[in-house]
Amino acid sequence: MYKITKTTIFLILIFASLLTAATWNYQSIWTGTGILRRVAIGNKIKGPTDDTFRILTVQSSGTKLVLLFTDTSSTLPMMWRVDTVDTGAFFGCGIGDVDRDGDNDLVYARATSPYYVARSYWDPSTSTWLHENIVTLAGTAPNWGMDIGDANNDGYADDIIYSAGNTTNSKVYWAFWDGHAWINTVIWNGDGRTTMGVAIGNFDSANGDSNEVVAVTNGTSGGPGGRVMRLCLTPSGWDTLTLWMQGTTTGTLSLSGVAIGDFDSHNSGKEIVTTNATTTSGSINGSVFEVYGSGTNWSSRTLYSADISYWAVAVGDVLNTNPGEEIVFSDNASSGIVHILWGAGDEWYNEPIFNMGGGSSFGAAIGDVNRHRSFNQ
């Protein structure tokens, strides 16, 4: 969350009770130059027993840093230590135990040539960060979206799903450690448009408790517009299914951010939420909308409409006055406002919770960052 000329990462906090309206607060924890991209939250980064949640973010321009933030306070207010883990201009990032050694790795993908996916991991014997290029993407374009989880449903959240490339060479990749080497394989060749966001989660009840992958694409000038795609691993390979696609005569809808969560109690299980990065959204006329269903029966619902570009989106339990999970999304426009969205069915409430003072926002994450609170994420 930052301006193009001055980047800032903010921590947004909520203090609320069941009897009073929510009061929002925020804390600026770092300011720099260039463009910050994605952000992730995780723990067990410095060992299997490390219970400190940290914030990871990457820059695609400016000082081009990979930054890790740690709260060092014993009481409020929080005091943040900033560690530079790596440098090199990156777009996507994630946290996960991708090599199954018991602690979590920092994973990120390079935004400029040479294109590759890298990981950094803590070496306790030397108290330093070690780096490894997991896979090289020769001749392709920047990474856009990344998520880490159990995409192949083997019980280990060690799969790296990411998108890379522009238009006709845009693809969705699956990278993983097979015990001997890093494997990188294409699981969707795209549809001639740029695949932006990806996410891993169990949003299709027809597959039982198994996870699926969702990928969203942007539109082309004059149509067709964006697409929401489901990918799931079967015994015969990765099965692909279009869940929603904008028609060719309804304008250009560029889907950028995507998240999975149980934010709509009118539907069983989890749903997909995606954001629109253009202001000419055509017939759906919504900057934030939901896709839900199962099997081959899928529907969409506009949750929030505005003539503003949105990119960053996350789902989590951030509001204790509302049961279940909520959606947080932010402007990729001059207004620079962060919103919270909650509700069910056809009734939704949007509340601006924080004004960044202008600028664009490309990344959002929700997690247990504040050790001094126990209300919610």
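**Thr194 and its surroundings**

I started with the side chain of Thr194 and looked for a polar partner: one of its polar atoms lies 3.0 Å from the backbone nitrogen of Thr167. A reminder to myself that this is a predicted model.

Next I asked where Thr194 sits along the chain. I found Thr194 in the loop that links β14 (182-188) to β15 (195-201).

Is Thr194 buried or exposed? Its relative accessible area is 6%, and because buried means under 20%, I noted Thr194 as buried.

I then listed what Thr194 touches, skipping neighbours within four places in sequence. The contacts are Trp144, Gly165, Asn166, Thr167, Ser170, Val216, Thr217 and Asn218. Thr167 is on that list, and its backbone nitrogen is the one I had looked up at the start.

**The β9-β10 hairpin**

I moved on to β9 (residues 116-123) and β10 (residues 128-136), which pair antiparallel over eight bridges. For one pair I checked Arg119, whose bridge partner in β10 is Glu132. Four residues separate the two strands of this hairpin, and in the turn Ser127 has a positive phi of about 55°.

**The open sheet**

Which order do the four strands of the open sheet follow? I read it as β3-β4-β5-β6, with antiparallel pairing. At the edges I found β3 (36-42) and β6 (80-87), each paired on one side only. Ignoring direction, neighbouring strands of this sheet are turned by 20° against each other on average.

Last, I zoomed in on β3 and β4 (residues 54-59): five bridges join these antiparallel strands. Ala40 has Leu56 as its bridge partner in β4.

Notes: Residues numbered from 1 in each chain as written. Predicted model: local features only at pLDDT ≥ 70, side-chain atom pairs only at ≥ 80, totals over all residues. Heavy atoms only, no water. Buried < 20%, exposed > 50% of the residue type's maximum accessible area, 1.4 Å probe, protein only. Polar contact = N/O pair within 3.5 Å; in protein donor to acceptor, adjacent residues only side chain to side chain. Contact = heavy atoms within 4.5 Å. Pairing = 2+ DSSP bridges. Axes fitted to C-alpha atoms, helices over the stretch in contact; angles between N-to-C directions.
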